[in-house]
Amino acid sequence: MIAEIGLAALWLAAALAVLQMVSGAASLRAAPGESNPLAIYARPAAVVQAFLAVLAFLLLLRAFAVTDLSLKLVATNSHSMKPFIYKLTGTWGNHEGSMLLWVGVLAASGGLLAAFEKRLPERTMGATLAVQGFVALGFYAFLLLSSNPFERLPIPAVEGNGLNPLLQDIGLAIHPPTLYAGYVGLSVAFSLAMGALMTSEVNPAFARVMRPWVLGAWVLLTLGITAGSYWAYYELGWGGWWFWDPVENASLMPWLAATALMHSVSVLAARDALRTWTIMLGVLAFSMSMLGTFLVRSGVLTSVHAFAVDPERGAFILALLGLYIGGAFTIFALCAGAVAEGKRFAVTSREGALVFNNVMLSAILAIVLLGTLYPLLTEAFNVRVSVGPPYFNPAGAIFAIPMLLVMAVGPLLRWKSDSPKRIQFELMLIAALVIGAIALVSFFGRFPLLPLLGLGLAAGLAVAAFLPLRGRNLKRVPVATWGMVVAHFGIAVSLFGMACEGAFSEERLAAVAPGGTEQIGGFAVTLEAVTPIAGPNWTAMEARLAVRQDGGEPVFLTPQARSFWSPPQSTSESALLTRWNGQLYAVIGNQAEDGRWQIRIWWKPFVTFIWYGGLLVGLGGILSIVGRMRVDLKRRSASAKGAQRRADIEALGVAAPQPAE
Amino acid sequence: MIRWMIAALLALIALPLAVPVLGQDSMPPAPYAYNQLDDPRLEAEAAALMQTLRCLKCQSQSIADSDAPMAGDMRHQVRARILAGESPEAIRGWLIARYGDYVSYEPAVSSTTWPLFATPVLVILIVVGVLVRRLGKRRDDDAEAKA
């Protein structure tokens with residue numbers, strides 16, 4: 001019964017999406033100054049729809065929590081013996097469940113927009129909600145027609161098939177929901193962009209409405225990617241943190257577009273410039289979200305992430321993708337002419353630097369898109385090629401390096417027009433730091449070019465990030481500016497981690513007999529014993545490694561080689577020893593004929609900085625949102641007070657005696 | 001019915017073939033599958049090469065990142081050949097000759113991969129074009145506005 005309620009809620013939500021679409025579109029047909037009687041339904045429809053879609057998701061969550069084996073989805077993806085937390089997270093560890101989460105977040109963000117956004121003109125709001133309803137409708141159709149999560153089995157299963165062991169990790173609790181919320185938050189940016197475009201309301205007021213959504217989605221994407229990278233790092237057991245895997249690229253592409261959009265929307269809000277550019281990026285960012293969903297959900301990729309393989313679904317999402325992106329660009333082509341270009345600016349201005357960086361971000365996006373889709377394209381013609389790090393790294397760096405250099409300087413420039421002479425001290429300082437760091441590192445050894453450049457840029461950026469604060473009263477610096485400083489510093493920290501990992505990592509592979517010791521990066525690692533142990537749904541061989549640094553007290557690491565029985569699969573659980581200056585990463589492999597055990601150990605200096613940097617970038621985004629919201633609330637209360645005062649004076653004015661003439 | 005018989009027959013034929021395959025899987029991994037070369041310089045060379053070779057049995061993993069037996073065998077090939085003095089590019093060529101372009105993550109310019117290299121050049125041109133259009137012209141406008 002519960003499952004049927006969930007299904008009914010989804011159908012009702014789809015019906016409300018139609019109402020929202022029609023009602024929103026009706027508001028466009030109203031004569032200026034009047035409102036169409038149909039238009040009043042759009043907001044309530046969006047809010048109720050949000051409740052229904054979230055309800056459907058919660059009901060599926062319940063089915064997984066109690067392992068309702070009469071549901072096909074639960075029987076194929078869960079198991080009664082699984083730890084409770086993985087039963088819950090398993091809800092979105094499969095195709096249908098993750099699409100329901102996607103749709104639930106989509107409806108929830110549409111509902112939030114409809115309930116709380118009162119600043120936009122009604123016509124623009126109506127158009128925005130119509131677009132949001134149209135997008136939601138497509139995905140409801142996808143769920144209901146081709147991926148029904150609430151399908152019953154004719155005869156309830158006795159036991160479930162279980163969840164892919166790689167996914168039985170706390171990472172699954174964090175990574176997909178965060179990433180999805182980010183993907184889908186961009187849908188609101190998309191709808192707002194379309195709404196503003198159709199009603200010719202592309203102006204700073206609109207940008208201020210759009211900005212928190214873009215910032216919020218961008219923060220979630222940043223944190224989602226950071227969490228996903230760390231998850232892959234410790235779960236896959238090979239010490240890599242970014243594989244240029246198509247699925248990783250699918251999450252990186254919306255991030256790149258959202259980063260560009262966030263900067264562009266700030267320019268629009270502050271300076272009323274870059275109007276069409278912002279709209280274009282809004283369309284692009286959500287297109288990349290949908291493309292990412294298509295790549296992951298359709299099964300066109302075969303990778304560890306793609307756990308759904310069904311060509312029919314792929315065709316459905318591809319059709320949706322074509323409809324929305326094609327439609328958006330058609331509207332863009334038709335309406336963009338009506339949007340004036342906006343305020344102008346010189347090359348050496350903050351806008352100029354932001355335009356440069358947006359173009360660079362878009363170029364990196366183009367490279368990642370090409371490298372991800374090209375192998376799929378040639379595969380269709382039976383030519384199989386692989387595109388990997390040797391392609392992405394240099395091709396991306398061509399654009400990333402100039403971008404990072406301009407990023408160091410950009411925040412120091414003034415709006416509209418500035419002269420490089422004014423900031424020549426800062427320019428010299430940054431150049432000296434970059435060159436100095438590169439020279440210093442190359443003095444100590446020969447390292448690959450890209451990590452070397454990365455170290456130099458990281459040094460320059462880390463200092464440059466704080467230069468905008470120079471000569472200012474720190475107490476009076478707006479919170480949003482602190483957000484920018486922290487986020488830019490986070491990029492430097494992350495870059496430093498990546499470069500160190502690339503340049504200084506040490507690796508030790510060896511067959512070790514119990515009692516044997518291996519040396520790596522100042523650590524002595526002794527294999528004390530290998531013992532079998534059992535978990536709730538797995539058995540494992542666990543190695544006990546005593547790690548001594550410079551002959552000090554031992555710390556114990558216990559990597560495991562796990563064998564799950566439902567589904568039967570083995571995974572390798574790495575053990576990590578985190579120090580402030582890096583991580584020791586240990587994995588146990590197979591036993592050789594002679595009784596020795598395969599041990600793999602890495603010493604990765606400063607590798608943790610990659611994810612600390614990611615967290616800082618996310619924190620910067622959060623600070624920015626908080627700062628903007630506070631200013632906004634202050635402005636709103638001030639204007640409310642002003643209106644009150646004017647009303648009071650007016651009231652007094654009537655009552656007050658007329659001054660004698 | 002006939003389909004079932006054919007299937008059963010095929011299974012019977014395949015059975016003796018399957019046994020040596022199973023046998024192969026339980027064989028100990030080749031010496032250099034999980035052991036490094038003694039010379040750190042040669043090992044670094046081998047490791048760099050292994051990072052750029054695709055494990056053919058896996059999904060989007062390099063042979064350096066895989067526990068598949070075949071990846072182990074390929075790692076052994078790479079290390080043994082590096083030790084014998086072959087250059088990394090020669091080894092890559094040898095593997096491509098055996099397994100096709102698919103095995104290498106480093107696409108080489110060929111009739112099938114030229115767009116991968118032409119497009120970044122095109123992107124650079126577009127970038128320059130966009131920047132000149134958006135930033136270069138603006139200065140003229142400003143100058144006109146001032147004049």
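1. A good place to start is the pairing of strand 9 (residues 582–591) with strand 10 (residues 597–605) of chain A: the two run antiparallel and are joined by eight bridges. If you would like one pair of residues to find on screen, look for A:L584, which faces A:W603 in strand 10 of chain A. Please keep in mind throughout that this is a predicted model.

2. Those two strands belong to a wider arrangement in chain A, an open sheet of four strands in the order 1-10-9-8, with antiparallel pairing. Strand 1 (506–512) and strand 8 (575–579) of chain A lie at the edges and have a single partner strand each, so one side of each has no neighbour in the sheet. From one strand to the next, the twist averages 15°. As a general reminder, strands of a sheet pair through backbone hydrogen bonds, in either a parallel or an antiparallel way.

3. Next, have a look at strand 6 (residues 560–565) of chain A. Strand 4 (residues 538–549) of chain A is joined to strand 6 by five bridges, and the two run antiparallel. Here A:A540 has A:R562 of strand 6 as its bridge partner.

4. Strand 6 of chain A also pairs with strand 7 (residues 568–573) of chain A, again in the antiparallel sense, over six bridges. Which residues stand opposite each other here? A:S563 faces A:S570 of strand 7, and A:F564 faces A:Q569 of strand 7. Strands 6 and 7 of chain A make a hairpin, with two residues between them.

5. For the layout of chain A as a whole, the domain assignment is a handy map. It lists domain 1 (1–167), domain 2 (169–345), domain 3 (419–504 + 609–637) and domain 4 (507–605). Domain 3 is thus given as two stretches of sequence, 419–504 and 609–637. Taken over C-alpha atoms, the centres of domain 2 and domain 4 of chain A are 40 Å apart.

6. Now to the interior. The largest nonpolar core holds 205 residues, and the ones with the most contacts inside it are A:A189, A:V214, A:A257, A:A258 and A:L461. Which helix gives the most to this core? Helix 8 (residues 204–235) of chain A does, with 18 residues. There is also a second, separate core of 26 residues, which includes A:L527, A:L545 and A:V587 along with B:Y32.

7. A:L461 deserves a closer look as one of the residues with the most contacts inside the largest core. Apart from neighbours within four places in sequence, A:L461 is in contact with A:L404, A:M407, A:A408, A:H488, A:I491, A:A492 and A:L495.

8. Chain B has five helices and zero strands, giving the pattern α-α-α-α-α along the sequence. How much of chain B is buried? Of its 147 residues, 26% count as buried. Among contacts in chain B between residues at least 6 apart in sequence, 53% link residues at least 24 apart.

9. Finally, the place where the chains meet: 34 residues of chain B are in contact with 42 residues of chain A. On the chain B side, helix 5 (residues 114–146) supplies the largest share, 14 residues. By type, the chain B residues that touch chain A comprise 14 nonpolar, eleven polar and nine charged.

Definitions and conventions
Residues numbered from 1 in each chain as written. Chains lettered and ligands numbered in written order. Predicted model: local features only at pLDDT ≥ 70, side-chain atom pairs only at ≥ 80, totals over all residues. Buried ≥ 20, exposed ≤ 12 C-beta atoms within 10 Å, placed from the backbone. Contact = placed C-beta atoms within 7 Å. Core = buried A, V, L, I, M, F, W, Y, C linked by C-beta atoms within 7 Å. Domains from an automatic or database assignment. Nonpolar A, V, L, I, M, F, W, Y, C, P; charged D, E, K, R; others polar. Pairing = 2+ DSSP bridges. Axes fitted to C-alpha atoms, helices over the stretch in contact; angles between N-to-C directions.
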